[in-house]
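Got the viewer open? Let's walk through the fold one selection at a time, and I'll tell you what to look for at each stop.

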Amino acid sequence: MSQAKFAQAAIDELGWFKAHRFLLLRRSCQLIVLSLFAIGPWLGLWLFKGNLSASEFMGVVPLADPLTTLQVFMTGHLPEISLIVGGALIALFYALAGGRVFCSWVCPVNMITDAASWLRRKLALPRIAELPRNLRYYMLAMVMILPMLSGITAWEWVNPVPLVYRAVLFGSLTGLWILVVIFLLDLLISERAWCGHLCPTGALFALLGKVSPIKVSATRAGACDNCMDCFEVCPERQVLKPALKGSNPMIVDSDCTQCGRCIDVCAQRVFQYQNRIAIKAENNQ
């Protein structure tokens, strides 16, 4: 599909803003979260102290990446109570909101991988065979095993998420080559290689998101005209076909990042967010 035609029907039908609204909201959310951490070292206003691996809100509420907490457990050391509480709070939040919402709405690396995906479309690069998607679960297993063998949280040395935060907050350029590798990997080797196939953090959040009530649903699947724009832009395109062609219009696959781009680019307004618990309760009345 040529770049000139991509999502043009949605832009013509809905207008440019509505055809990009969730993309704009996601970018705003990612930048706002980053800014809330940055105003501490930049301006001395410490709303959040730390980064997405572990932090404190207003010096009182602990927050932590559940994967970081689990790694500390696997070293054989009992984490501090603040890390346990912080990991539990974040795990609960994403279990309710949708686990991989973190990947598309908060994670700063998503901006890098989305840029690679945009450039692929811009350059009309041929589609490359994708890596097996269960690789990220092997990566997750490896990240959990390494602390057992080494006694340290080895993954955090190369985790690209805190690398972005250290670069922005403190000007640290150490490890930025990893972000360059991720960009080139997505651009030249395999589509969505990092976020869709390798990232262990995304794998853990996908597991947490299985119970989430908030899902994207193909509520007007019958209106689909097979333009394939949603397929072109979706970072986890394998989740779309069951909703569009199957008996259940709701995307229940936890691989879905709930980025909303399928909603944006669909001129036929096939997709929308839904609360499956509320729908089930309504159907039972």
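Start by selecting Pro160, Leu163, Val164 and Ala167 in helix H8, then add Leu176, Ile178, Leu179 and Ile182 in helix H9: these two sets meet, where contact means heavy atoms within 4.5 Å. The residues of this contact divide into 8 nonpolar, no polar and no charged. For that sorting, Ala, Val, Leu, Ile, Met, Phe, Trp, Tyr, Cys and Pro count as nonpolar, Asp, Glu, Lys and Arg as charged, and the others, Gly among them, as polar.

A quick word on what you're seeing: this is a predicted model, where local features need pLDDT of at least 70, side-chain atom pairs count only at pLDDT 80 or more, and totals for chains, interfaces and linings use all residues. Residues are numbered from 1 along each chain as its sequence is written, and side-chain values use heavy atoms, with hydrogens and water left out. Helices (H or I, at least four residues) and strands (E, at least two) are DSSP runs, numbered from the N terminus.

Now show H8 (residues 160-170) and H9 (residues 176-189) whole. They pack at an angle of about 125 degrees, with axes 9 Å apart. Axes are lines fitted to C-alpha atoms, for helices over the stretch in contact, and angles run from 0 to 180 degrees between N-to-C directions. H8 and H9 are therefore oblique to each other (under 35 degrees is roughly parallel, over 145 roughly antiparallel, 65 to 115 roughly perpendicular, the rest oblique).

Next, pick helix H7 (residues 135-150) and H11. Their packing angle is about 105 degrees, and their axes lie 8 Å apart. That makes H7 roughly perpendicular to H11. Arg136, Tyr137, Met139, Leu140 and Val143 in H7 meet Pro200, Ala203, Leu204, Ala206 and Leu207 in H11. This contact divides into 9 nonpolar, no polar and 1 charged.

Jump to Ala193, in helix H10 (residues 193-198). Is Ala193 buried or exposed? At 0% relative accessibility, Ala193 counts as buried (under 20% relative accessible area; exposed is over 50%, partly exposed in between, with a 1.4 Å probe and protein chains only). Leaving aside neighbours within four places in sequence, Ala193 touches Leu131, Leu185, Asp186 and Leu198.

Last stop: helix H4 (residues 81-97), with 17 residues. Its buried residues include Leu83, Ile90 and Tyr94. Among what covers the buried residues of H4 are strand E2 (54-57), helix H3 (66-74) and helix H11 (200-208). Just after H4, find Gly98, which takes a positive phi of about 115 degrees.

How values were computed:
The expected span of a helix is 1.5 Å times one less than its number of residues.
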